[in-house]
Amino acid sequence: QKELEKVAFVDYITGGDNYPAFIRKIKKNPREGYFATLTIGDFSVIQSSCGYKKADELLRKIHTQLKRIMRYGDELGHVNRADFVMFIATDDEAWLDRQIKLLNKYLAELAEAEETPALVAYFGIIKYAKGSDVRELINKSRVALMNVPNNREECYAIYGEKYTKDFLENSKLEKNFEKNIAEKRFEVWYQPKYDPKQKRLVGAEALVRWIQAD
């Protein structure tokens, strides 16, 4: 029975909870707070340049650091290679901001010490209220994660309905992209560049416009 529990609920890389264990714990003891999906940016680069063994060692150290910043009521699960899911039992958004910055400070120091490419954690966050569907909230935190700007100054986003709307609109555009190429709905326009000193045209900027169907 213990071996079955280990296979089912213990993550083989970190030795901590895996995703099913995380879900089980949250459902047993629901609290108010925030769900967060976090990923380590460009982790595939680290796997390619440093090897999978080294990458797994880094994940274990990141997992340990995440456990250190957790408080009573918090939960953590490792989802896959570069992804974790967390529950943070707080309603203090400013505290979240500080902890995320502290974690990324630690990751920068870890990357320097281990002589690896940069390590940056990006978070998608959503507020949790009792009675909400856990898996649906985690999916929405992933939508928020997709909207995190790819820079180190803004490494998290808190979910809003606008994110879902934007995500659906982008998905619709992607689905229609090939069809519109086939139907030749893209046109190239040239915007002239004028040099006021020489008083003449010196070039042009090419712009592609998508002509929508009526």
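Me: What makes the largest set of 36 residues a nonpolar core?

Reply: The name fits because its members are buried Ala, Val, Leu, Ile, Met, Phe, Trp, Tyr or Cys residues joined through side-chain atoms within 4.5 Å, where buried means under 20% relative accessible area, with a 1.4 Å probe and protein chains only. Leu38, Ile40, Leu66, Met86, Leu107, Leu119 and Phe123 have the most contacts inside this core. At least two residues each come from β1 (33-40), α3 (43-50), α4 (52-69), β3 (83-88), α5 (93-114) and β4 (121-128). Helix α5 gives the largest share, eight residues. A separate, second core has 15 residues, including Tyr19, Phe22, Ile23 and Leu137.

A word on the model: it is predicted, with local features needing pLDDT of at least 70 and side-chain atom pairs pLDDT 80 or more, while totals for chains, interfaces and linings use all residues. Numbering starts from 1 along each chain as its sequence is written, and side-chain values use heavy atoms, leaving out hydrogens and water.

Me: Which residues is Leu107 in contact with, leaving aside neighbours within four places in sequence?

Reply: They are Ile40, Ile62, Leu119, Val120 and Ala121; a contact here means heavy atoms within 4.5 Å. Across the protein, 60% of the contacts with a separation of 6 or more join residues 24 or more positions apart.

Me: Why is Ala157 called buried?

Reply: Ala157 has 5% relative accessibility, so it counts as buried. Ala157 belongs to strand β5, residues 156-158. Its C-alpha atom is 15 Å from that of Asn104, which is 53 residues away along the chain. Over the whole protein, 37% of the 214 residues are buried.

Me: How do you know how the protein compares with a compact globule of 214 residues?

Reply: The rule, 2.2 Å times the number of residues to the power 0.38, is set against the radius of gyration over C-alpha atoms. It puts a compact globule of 214 residues near 17 Å, but the protein has 23 Å. Along the principal axes, the C-alpha atoms fill a box of roughly 75 × 45 × 35 Å.

Me: What makes up the protein in terms of helices and strands?

Reply: The protein has seven helices and seven strands, in the order α-α-β-α-α-β-β-α-β-α-β-α-β-β from the N terminus. These are DSSP runs numbered from the N terminus: H or I of at least four residues for a helix, E of at least two for a strand.

Terms used:
Buried < 20%, exposed > 50% of the residue type's maximum accessible area, 1.4 Å probe, protein only.
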